[in-house]
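Hi,

Here is the structure I promised to pass on. Have a look at it first, and then read on for what turned up when I went through it.

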Amino acid sequence: MKVLRGLSVATLVSLPGLAHAAGPVIEILTNEGCSCCVGWARHLQEQGYATDVRQLPSDELQRRKLQLGVEQSLASCHTGLIGGYVIEGHVPAREIARLLAERPDAVGLAVPGMPIGSPGMGEGRADAEPHDVLLLRKDGTTQVFARYR
(Lines give C-alpha, C1' and ligand atoms only; values in the text may rest on other atoms or scores of the structure.)
Protein backbone atom coordinates (compact mmCIF):
# COMPACT_ATOMS: atom_id res chain seq x y z
CA MET A 1 0.00 0.00 0.00
CA LYS A 2 1.33 3.46 -0.84
CA VAL A 3 1.94 5.88 2.02
CA LEU A 4 0.83 9.52 2.19
CA ARG A 5 3.65 11.18 4.18
CA GLY A 6 3.54 8.78 7.04
CA LEU A 7 -0.19 8.04 6.85
CA SER A 8 -1.34 5.15 4.71
CA VAL A 9 -4.71 5.43 3.04
CA ALA A 10 -5.89 2.62 5.35
CA THR A 11 -4.82 4.66 8.37
CA LEU A 12 -6.53 7.78 7.04
CA VAL A 13 -9.88 6.10 6.60
CA SER A 14 -9.65 4.29 9.92
CA LEU A 15 -8.91 7.31 12.11
CA PRO A 16 -11.20 7.24 15.16
CA GLY A 17 -14.38 9.21 14.57
CA LEU A 18 -13.71 9.59 10.88
CA ALA A 19 -14.24 6.14 9.43
CA HIS A 20 -17.95 6.05 10.20
CA ALA A 21 -18.98 8.92 7.97
CA ALA A 22 -22.49 8.10 6.84
CA GLY A 23 -22.76 10.76 4.17
CA PRO A 24 -22.09 10.59 0.46
CA VAL A 25 -18.78 9.19 -0.78
CA ILE A 26 -16.25 11.48 -2.42
CA GLU A 27 -13.68 9.69 -4.57
CA ILE A 28 -10.40 11.61 -4.26
CA LEU A 29 -7.77 11.33 -6.99
CA THR A 30 -4.31 12.37 -5.82
CA ASN A 31 -0.57 11.68 -6.00
CA GLU A 32 1.47 9.70 -3.54
CA GLY A 33 2.82 11.77 -0.64
CA CYS A 34 0.41 14.72 -0.68
CA SER A 35 -0.19 15.72 2.95
CA CYS A 36 -2.65 18.52 2.15
CA CYS A 37 -4.84 15.98 0.32
CA VAL A 38 -4.93 13.97 3.56
CA GLY A 39 -5.94 17.18 5.37
CA TRP A 40 -8.73 17.86 2.86
CA ALA A 41 -10.00 14.28 3.16
CA ARG A 42 -10.01 14.65 6.96
CA HIS A 43 -11.98 17.94 6.63
CA LEU A 44 -14.58 16.16 4.48
CA GLN A 45 -14.81 13.23 6.89
CA GLU A 46 -15.31 15.59 9.82
CA GLN A 47 -18.25 17.06 7.90
CA GLY A 48 -19.89 13.67 7.38
CA TYR A 49 -18.56 12.63 3.98
CA ALA A 50 -16.97 9.25 3.36
CA THR A 51 -13.78 9.35 1.27
CA ASP A 52 -12.24 6.89 -1.17
CA VAL A 53 -8.66 8.03 -1.81
CA ARG A 54 -7.04 6.79 -5.02
CA GLN A 55 -3.40 7.48 -5.76
CA LEU A 56 -2.45 7.93 -9.40
CA PRO A 57 0.86 8.65 -11.13
CA SER A 58 1.20 12.40 -11.84
CA ASP A 59 0.79 12.10 -15.61
CA GLU A 60 -2.36 9.99 -15.25
CA LEU A 61 -3.82 12.40 -12.67
CA GLN A 62 -3.24 15.36 -15.00
CA ARG A 63 -4.78 13.46 -17.92
CA ARG A 64 -7.87 12.61 -15.80
CA LYS A 65 -8.28 16.27 -14.76
CA LEU A 66 -8.33 17.36 -18.41
CA GLN A 67 -10.78 14.55 -19.32
CA LEU A 68 -13.05 15.72 -16.48
CA GLY A 69 -13.04 19.33 -17.74
CA VAL A 70 -10.49 20.87 -15.35
CA GLU A 71 -8.12 23.13 -17.26
CA GLN A 72 -4.56 23.50 -15.99
CA SER A 73 -5.20 27.11 -14.90
CA LEU A 74 -7.92 25.84 -12.51
CA ALA A 75 -6.04 22.81 -11.19
CA SER A 76 -4.91 21.97 -7.70
CA CYS A 77 -3.22 18.92 -6.17
CA HIS A 78 -6.28 16.66 -5.98
CA THR A 79 -9.61 16.08 -7.68
CA GLY A 80 -12.80 14.83 -6.04
CA LEU A 81 -15.75 13.15 -7.69
CA ILE A 82 -19.22 13.14 -6.14
CA GLY A 83 -22.79 13.11 -7.41
CA GLY A 84 -21.73 13.56 -11.04
CA TYR A 85 -19.61 16.63 -10.19
CA VAL A 86 -15.89 17.34 -10.16
CA ILE A 87 -14.48 18.99 -7.02
CA GLU A 88 -11.04 20.42 -7.81
CA GLY A 89 -8.74 21.43 -4.99
CA HIS A 90 -9.42 22.65 -1.47
CA VAL A 91 -13.18 23.24 -1.75
CA PRO A 92 -14.89 23.54 1.66
CA ALA A 93 -17.43 20.82 2.51
CA ARG A 94 -20.21 23.42 2.92
CA GLU A 95 -19.82 24.46 -0.73
CA ILE A 96 -19.97 20.82 -1.84
CA ALA A 97 -23.20 20.41 0.15
CA ARG A 98 -24.62 23.54 -1.50
CA LEU A 99 -23.63 22.27 -4.95
CA LEU A 100 -25.33 18.93 -4.30
CA ALA A 101 -28.46 20.67 -2.97
CA GLU A 102 -28.76 23.21 -5.81
CA ARG A 103 -27.68 20.80 -8.61
CA PRO A 104 -26.60 23.44 -11.17
CA ASP A 105 -25.92 22.36 -14.75
CA ALA A 106 -22.14 22.47 -14.36
CA VAL A 107 -18.96 20.40 -14.32
CA GLY A 108 -18.36 21.15 -10.64
CA LEU A 109 -16.38 23.40 -8.31
CA ALA A 110 -12.74 24.46 -8.11
CA VAL A 111 -10.38 26.28 -5.78
CA PRO A 112 -7.36 26.76 -8.06
CA GLY A 113 -3.91 26.39 -6.55
CA MET A 114 -3.43 25.74 -2.85
CA PRO A 115 -4.52 28.85 -0.90
CA ILE A 116 -3.32 29.05 2.69
CA GLY A 117 -6.26 28.79 5.07
CA SER A 118 -8.43 26.62 2.85
CA PRO A 119 -9.44 23.12 4.08
CA GLY A 120 -6.32 20.97 4.14
CA MET A 121 -4.09 24.05 3.96
CA GLY A 122 -4.41 25.25 7.55
CA GLU A 123 -8.09 26.15 7.69
CA GLY A 124 -8.80 28.97 10.17
CA ARG A 125 -5.28 30.41 10.11
CA ALA A 126 -4.88 34.12 10.81
CA ASP A 127 -2.81 34.51 7.63
CA ALA A 128 -5.44 32.86 5.39
CA GLU A 129 -5.30 33.95 1.76
CA PRO A 130 -8.46 35.31 0.18
CA HIS A 131 -9.76 32.90 -2.45
CA ASP A 132 -12.84 32.07 -4.47
CA VAL A 133 -14.66 28.82 -5.03
CA LEU A 134 -15.46 28.76 -8.73
CA LEU A 135 -18.37 27.06 -10.45
CA LEU A 136 -17.00 25.28 -13.55
CA ARG A 137 -19.55 25.61 -16.31
CA LYS A 138 -19.88 23.05 -19.10
CA ASP A 139 -18.98 25.66 -21.71
CA GLY A 140 -15.56 26.15 -20.08
CA THR A 141 -16.37 29.42 -18.32
CA THR A 142 -16.33 29.96 -14.57
CA GLN A 143 -18.45 31.92 -12.12
CA VAL A 144 -17.74 32.78 -8.48
CA PHE A 145 -19.75 30.36 -6.31
CA ALA A 146 -18.40 31.55 -2.95
CA ARG A 147 -15.80 34.01 -1.66
CA TYR A 148 -13.50 33.49 1.31
CA ARG A 149 -11.86 36.65 2.65
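Let me start in the middle of the sheet. All five of the five residues of S6 are buried, so this strand is largely enclosed by the rest of the structure. Before you read too much into any detail, please keep in mind that this is a predicted model.

S6 (85–89) has a partner on each side. With S5 the strand runs antiparallel, joined by four bridges, and with S7 the strand runs parallel, again through four bridges. On the S5 side, Ile 82 has Tyr 85 of S6 as its bridge partner. The two strands make a hairpin with two residues between them, and Gly 83 in that turn has a positive phi of about 55 degrees. On the S7 side, Val 86 stands opposite Gly 108.

Now the wider view. The protein chain has four helices and nine strands, and from the N terminus on the elements come in the order β-β-α-β-α-β-α-β-β-α-β-β-β. Of its 149 residues, 48% count as buried. If you look at contacts between residues at least 6 apart in sequence, 57% of them join residues at least 24 apart.

Seven of the strands make up an open sheet with mixed pairing, in the order S4-S3-S5-S6-S7-S8-S9. At the edges are S4 (50–55) and S9 (142–148), each of which pairs on one side only. From one strand to the next the twist averages 20 degrees.

Moving along from S6, you get to S7 (residues 108–111), which runs antiparallel to S8 (residues 131–136) and is joined to it by three bridges. Two of the facing residues are easy to find on screen: Leu 109 stands opposite Leu 135, and Ala 110 stands opposite Leu 134.

How many of the residues of S8 are buried? Six of its six are, so to speak of S8 as mostly covered is fair. In general, side chains in a regular strand alternate between the two faces of the sheet. In S8 both faces are covered: His 131, Val 133 and Leu 135 are buried on one side, and Asp 132, Leu 134 and Leu 136 are buried on the other.

S8 then pairs with S9, antiparallel, through six bridges. Val 133 has Ala 146 of S9 as its bridge partner. These two strands also form a hairpin, with five residues between them, and there Gly 140 takes a positive phi near 95 degrees.

One residue in S9 that I looked at more carefully is Val 144. Buried or exposed, or something in between? Its relative accessibility is 35%, and because the partly exposed range runs from 20% to 50%, Val 144 counts as partly exposed. Leaving aside residues up to four places away in sequence, Val 144 touches Asp 132, Val 133 and Leu 134. Leu 109 is 35 residues away from Val 144 in sequence, while their C-alpha atoms are 9.5 Å apart in space.

On to the helices that lie across the sheet. H2 (residues 35–46) lies across S3 (25–30), S4, S5 (79–82) and S6, and runs at about 175 degrees to S3. As a check on its geometry, 12 residues at 1.5 Å a residue should span 16 Å, and the end C-alpha atoms of H2 are 17 Å apart, which agrees. H2 is mostly covered, with nine of its 12 residues buried. Among them are Cys 36, Cys 37, Trp 40 and His 43. Just after this helix, Gly 48 takes a positive phi of about 95 degrees.

H4 (residues 93–102) lies across S3, S5, S6, S7, S8 and S9, and runs at about 135 degrees to S9.

Lastly, the aromatic rings. What is the count of aromatic pairs? Zero, going by ring centres within 6.5 Å of each other. There is a charge over a ring, though: the charged end of Arg 98 sits over the ring of Phe 145, 3.7 Å from its centre.

If you open the model, S6 and its buried residues are a good place to begin, followed by S8 with both of its faces covered.

Cheers

Note on methods: Residues are numbered from 1 along each chain as its sequence is written. This is a predicted model: local features need pLDDT of at least 70, side-chain atom pairs count only at pLDDT 80 or more; totals for chains, interfaces and linings use all residues. Side-chain values use heavy atoms; hydrogens and water are left out. Two strands pair if DSSP finds at least two bridges between them. Axes are lines fitted to C-alpha atoms, for helices over the stretch in contact, and angles run from 0 to 180 degrees between N-to-C directions. Contact means heavy atoms within 4.5 Å. Rings of Phe, Tyr and Trp (its six-membered ring) pair if their centres lie within 6.5 Å; planes under 30 degrees apart count as stacked, over 60 as edge-to-face and the rest as tilted. A charge sits over a ring if NZ of Lys or CZ of Arg is within 6 Å of the ring centre and within 35 degrees of the ring normal. The expected span of a helix is 1.5 Å times one less than its number of residues. Buried means under 20% relative accessible area, exposed over 50%, partly exposed in between (1.4 Å probe, protein chains only).
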